[in-house]
Amino acid sequence: MGGLPEGAPARPNVSRQYPAVHDMPAPRSAQPLNEEDAFKLEKELQAARDRQNKETADPPAPPPPPPAKKAASAAKKQAGDASNAPKTSGAKTNP
């Protein structure tokens with residue numbers, strides 16, 4: 001029981017005492033953006049942001065309906081007459 005499984009690579013004979021801190025990675029092949037490309041990219045990002053804000057903005061409120069003609073004014077007169085009538089139901093008020 002125990003030990004390494006079959007097919008495991010053997011340990012190296014010499015162990016490293018320190019990590020390889022002086023091994024540098026290969027130089028990058030891509031160059032950083034120049035000022036013109038950075039400005040162009042910034043404008044594209046602003047345009048995308050503005051487009052998304054415009055799409056997600058609340059839609060404008062619908063226009064109010066046109067005023068009703070005679071039917072509404074007759075209903076208002078009847079409601080006004082009922083509001084002037086004395087109230088017979090409900091709790092009595094204290095003087």
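## Close-up views of a predicted chain

**Figure 1. Leucine 41 sits in helix 1, which covers residues 35-56.** The model shown here is predicted. With a relative accessible area of 39%, leucine 41 is partly exposed, because that value lies between the 20% limit for buried and the 50% limit for exposed.

**Figure 2. Three leucines come together as a nonpolar surface patch.** Here we meet leucine 41 again, now alongside its partners Leu33 and Leu45. Together the three residues offer about 300 Å² of accessible area.

**Figure 3. Arginine 49 and aspartate 50 join their side chains in a salt bridge.** The N to O distance is 3.7 Å, and this is the one salt bridge that the structure holds. Both ends can be inspected in turn: arginine 49 is partly exposed, at 46% relative accessibility, and aspartate 50 is likewise partly exposed, at 42%.

**Figure 4. Stepping back, the whole chain shows two helices and zero strands.** How much of the chain is buried? Of its 95 residues, 0% fall into that class. The chain exposes about 10600 Å², and carbon and sulfur atoms account for 57% of that area. The leucine patch of Figure 2 is one place to look for nonpolar side chains on this surface.

Note on methods
Residues numbered from 1 in each chain as written. Predicted model: local features only at pLDDT ≥ 70, side-chain atom pairs only at ≥ 80, totals over all residues. Heavy atoms only, no water. Helix = DSSP H or I, 4+ residues; strand = E, 2+ residues; numbered from the N terminus. Buried < 20%, exposed > 50% of the residue type's maximum accessible area, 1.4 Å probe, protein only. Areas by Shrake-Rupley, 256 points an atom, 1.4 Å probe, with all protein chains shown as cover. Salt bridge = Lys/Arg side-chain N within 4 Å of Asp/Glu carboxyl O. Patch = residues over 30% accessible without salt bridge, like charges linked within 9 Å, V, L, I, M, F, W, Y side chains within 5 Å.
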